[in-house]
Amino acid sequence: MKKLAILTRDCAGVNAAIRSVVRTAFHYDIDVVGVVKGYDGLIDGAFIPLDRCSVSGIINVGGTILKTSRSQRFLTDSGQQQALNMIHDAGIDGVLVVGGNGSLRGAHCLASHGIPVVGIPATIDNDIMGVDLAIGADTAVNVALDAVDKIRDTATSLERIFVVEVMGRESGYIALLVALAGGCEEVLLPEKKSDLETMCQEIIQGNAKGKSSWIIIVAEGSANAQDIACLITQKTGFETRVTVLGHIQRGGDPTAVDRILASQLGNYAVELLRRGETDVCVSRNNTTLVTIPLSVAVQPKTITVAEAYRLIKLLS
């Protein structure tokens, strides 16, 4: 194996994975090219050489130095064929794909056409089947939690209810962990049907006992935060404010957890390609590095919410 390519999506920790891949490959005298703008770059042959110097000073930087995009062209047969042609023409012996469900589906597609591929899971939703923790998820939770901690200062001082919307169209991972770690009073999740009437009654009853502030976390896929705030005000008569955290959760300096995870998975992915393995996704199970077939990794994953939700309500 003489030449590898790496393409990425974006979240905190991806640059640390790029660094790990490049420097591991360098150790074995393997050249690495970065694919600019994801699968569109693969189709266009947008390859840039990467070496030890080009990945210096990026382990602590969020996002991806390779840029990224959602590729509609790669979903077509002609786009996939063009990508395959570019891989062969560039003399690329293996591809590493860093990203979430969509990126890993693309990786599985490349593998089905005979390209040696290893996937590295990176998504703030932590929704890759069989993966305990994806790169970027820990940072996203901590970014959102930091914002919630600051909002609590205002909520307590002004005795208000705050509805805070976090990312998670189909996964309530961020919302659930932030609600538990932030000591929040309620969380609305895509995985759980919400009883809004009971929530409003709890607010009224709590106020009668002297409780004057609440923080309610809403995963974007479960409800609209503004609608929830209006409902609370209508049902309780209490002033309610809305904060939508948005894309700040995808950025920021990666936590130590994400930097270490990305470094381990990037190194392991290169080792697997050298051993001839393909069509797998790397993961860490406790302290052990493992592989998951990409055909499994791209399947829908639902988080278990019952125990964490019980604890949120008990401690609120």
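A salt bridge is counted here when a side-chain nitrogen of Lys or Arg lies within 4 Å of a carboxyl oxygen of Asp or Glu. This is a predicted model, in which local features need pLDDT of at least 70 and side-chain atom pairs count only at pLDDT 80 or more, while totals for chains, interfaces and linings use all residues. Residues are numbered from 1 along each chain as its sequence is written, and side-chain values use heavy atoms, with hydrogens and water left out.

**Salt bridges**

Select Glu239 and Arg241, whose side chains meet in a salt bridge with an N to O distance of 2.6 Å. Arg241 is partly exposed at a relative accessible area of 33%, and Glu239 is partly exposed as well, at 40%; in these terms, buried means under 20% relative accessible area, exposed means over 50%, and partly exposed lies in between (1.4 Å probe, protein chains only). Keep Glu239 selected and add Arg160, which forms a salt bridge with Glu239, the closest N and O atoms being 3.4 Å apart. This pair links distant parts of the chain, with Arg160 in the loop between α5 and β6 (161-166) and Glu239 in the loop between α8 and β9 (240-244), 79 residues apart. Helices (H or I, at least four residues) and strands (E, at least two) are DSSP runs, numbered from the N terminus.

Next, select Lys235 and Glu197, whose side chains form a salt bridge at 3.4 Å, N to O. Because Lys235 lies in helix α8 and Glu197 in helix α7 (residues 196-208), the pair ties together parts that are 38 residues apart in sequence. Their C-alpha atoms are separated by 8.4 Å. Lys235 is partly exposed, with a relative accessible area of 39%, and Glu197 is partly exposed at 42%. Leaving aside neighbours within four places in sequence, Lys235 is in contact (heavy atoms within 4.5 Å) with Glu197, Cys200 and Ile204. A search of the whole structure finds 13 salt bridges.

**Cysteines**

Staying with Cys200, show the cysteine sulfurs: the structure holds 0 disulfides, a disulfide being a pair of cysteine sulfur atoms within 2.5 Å. For Cys200, the nearest cysteine sulfur is that of Cys230, 12 Å away, and Cys200 is buried, with a relative accessible area of 1%.

**The nonpolar core**

Now move to Ile217 and Ile174, which touch the most other members among the 64 residues of the largest nonpolar core. Such a core is a set of buried Ala, Val, Leu, Ile, Met, Phe, Trp, Tyr and Cys residues joined through side-chain atoms within 4.5 Å. Not counting residues up to four places away in sequence, Ile217 touches ten residues' worth of surroundings that include Val148, Val164, Ala175, Cys184 and Leu188. A second, separate core of 29 residues includes Ile92, Val97, Leu104 and Val298.

**Two loop residues**

Finally, select Asn126, in the loop between β5 (117-121) and α5 (137-158). Asn126 has a positive phi of about 50° although it is not a glycine, and Asn126 is buried, with a relative accessible area of 3%. Then go to Lys67, in the loop between β3 (47-50) and α3 (77-89), where phi is near 60°, again a positive value in a residue other than glycine. Most residues other than glycine have a negative phi.
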